[in-house]
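Q: Could you take a close, careful look at one part for me, the largest pocket, and then at salt bridges? By class, which residues does the lining of the largest pocket have?

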Amino acid sequence: MQELLKHPYFTKILNAFSDGVLISDGEGHVLWLNTACANFSNKPKSFFIGKSVYLLEELGIFKPSVTKMVIEKQALVSTVQTSEGKDLRFIVTGYPITDEDGKIDCIIAQTKDITEIVHTTNELEETQALLKRYSQEIAKIHYEKNLAGSHFFISHSPIYQAMLNTVDKIAPTDSTVLLSGETGVGKNVIARRIHELSERESEPFIEINCGAIPESLIESELFGYAKGAFTGANKGGKAGLIKLADKGTLFFDEIGELPIHLQAKLLQFLQEKKFLPVGATAYHSANVRIIAATNLELVEEVKKGNFRSDLFYRLNVLPIRVPSLREREEDIAGLLQFHLDKYNKKHKRSCRLTSEAVANLQTYEWPGNIRELENLMERLVIISSGDYIQLEDLPLHMKKEEEPSFHLAHYGKGDSLTDILESVEKDIIGKAYAKFKTTRKTAEQLGITQSLLMRRLKKYNIKLQRDN
């Protein structure tokens, strides 16, 4: 190598390279370097000749030294290198040259300046991130434009607005979402909103109701099956819902109803993005986002052994609770009008709700939530004999009972005023607690402190419920 380095044409060729070239002996002492390599370090060539690459690394000239790495690993090595005091980046490759006995005779280190590429890449990544944010905003604008005239997501209740804000924040991510809430609160509508505000919005949105498919069929429906998997199967096999949702979103409604033996297969898919169709021997893969929903308390189901704890924690990445309709009293009037307009159009009617009917429905508990409200409005539009839906048109169980007036005759003869007042107080507190469910809400509605309410509940032997 020493003789070769003395050849004028050899050194002229290497000096013409824009890449840096540094040649060391087998022990890491610098034999020669070209002009580009010296320029990268901003030091004269004479500074390097004869020095050990171990020393040069200590001085911060090469961080790290690829030549040293080649000596230690006895193999070709590539790494990213920086230069002392400069915002420069290099990709360096060390090539070991061996003699006839396989011993390293010399090492050639080739250095390529990638500083501009790194800066360009960083700028590109920042631009892509900015474009992604703009795309998400545009997707939201389009989504809301498609909902023009719809009151479904127009809310005046703080609890629902907070939930929607959370939904809009997590929608652009690709993380798993677990929606919880009572039956009929609209978890499926929230799931679709998440999909349509995500980057997957142009891909499939596949929904599977785990409680509506027979247990004997749910595995093949979800994972599909191979050719000839069982008697009566399609000859060519069948793609399952997971495969159909590839690149899109798969929504598991009522995930708590999924049979325990299938929970393990779903867990495996969530962890590895691979699944095994019924009767198949080779695993398939699918790129899907998972949204699950339940009206059960999955923590309690885990304790009972009905739901796998590992699957619960895998699903519970982004938990969102959808509030019940009785928690959204401010939104009831708007939802009534929204569904009234929808069913007026469907059934070619022009019905209107009287203010008395609206006021009554705003105090109703709505155990079936939005689904119950929607069904009620369709029923009223269909059966209403006139253009106005009156208070008397409402189902009997929805009509607010009139508060009984006070009559002294209701109380025992000889009862003192104190006895009567305590009886009235007990009745008021008992009814309020039965309606508002928690001591905090009951105390707020009665305008007393929670500690005072607790004393009255104990005094009147009113059984405490478990506060939510």
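A: For the classes, Ala, Val, Leu, Ile, Met, Phe, Trp, Tyr, Cys and Pro count as nonpolar, Asp, Glu, Lys and Arg as charged, and the others, Gly among them, as polar. With that rule, the lining of the largest pocket has twelve nonpolar, eleven polar and 15 charged residues. This is a predicted model, in which local features need pLDDT of at least 70 and side-chain atom pairs count only at pLDDT 80 or more, while totals for chains, interfaces and linings use all residues. Residues are numbered from 1 along each chain as its sequence is written, and side-chain values use heavy atoms, with hydrogens and water left out.

The largest pocket (an open set of points on a 1 Å grid over the protein atoms alone, where a 1.4 Å probe fits, with protein on both sides within 12 Å along at least five of seven lines) has a volume of about 1,200 Å³, counted as the space filled by probe spheres set on the points, which are joined across faces, edges and corners. Of its 38 lining residues, each with an atom within 4 Å of a point, the closest to the centre are R321, S324, R326, E327 and K441. Two or more lining residues come from each of β6 (177-180), α13 (298-304), β14 (318-321), α18 (417-436) and α19 (439-446), where helices (H or I, at least four residues) and strands (E, at least two) are DSSP runs numbered from the N terminus. The largest share, four residues, comes from α19.

Helix α13 also holds a salt bridge (a side-chain nitrogen of Lys or Arg within 4 Å of a carboxyl oxygen of Asp or Glu), for E300 and K303 both lie in this helix, three residues apart, about one turn. The closest N and O atoms of E300 and K303 are 3.7 Å apart. On the scale where buried means under 20% relative accessible area, exposed over 50% and partly exposed in between (1.4 Å probe, protein chains only), E300 is partly exposed at 38%, whereas K303 is exposed at 65%.

In total, the rule gives 19 salt bridges. Another of them joins R200 to D174, with the closest N and O atoms 2.8 Å apart. Because R200 lies in the loop between α9 (187-196) and β7 (205-209), and D174 in the loop between α8 (158-170) and β6, the pair ties together parts that are 26 residues apart in sequence. R200 is buried, with a relative accessible area of 8%, while D174 is partly exposed at 49%.
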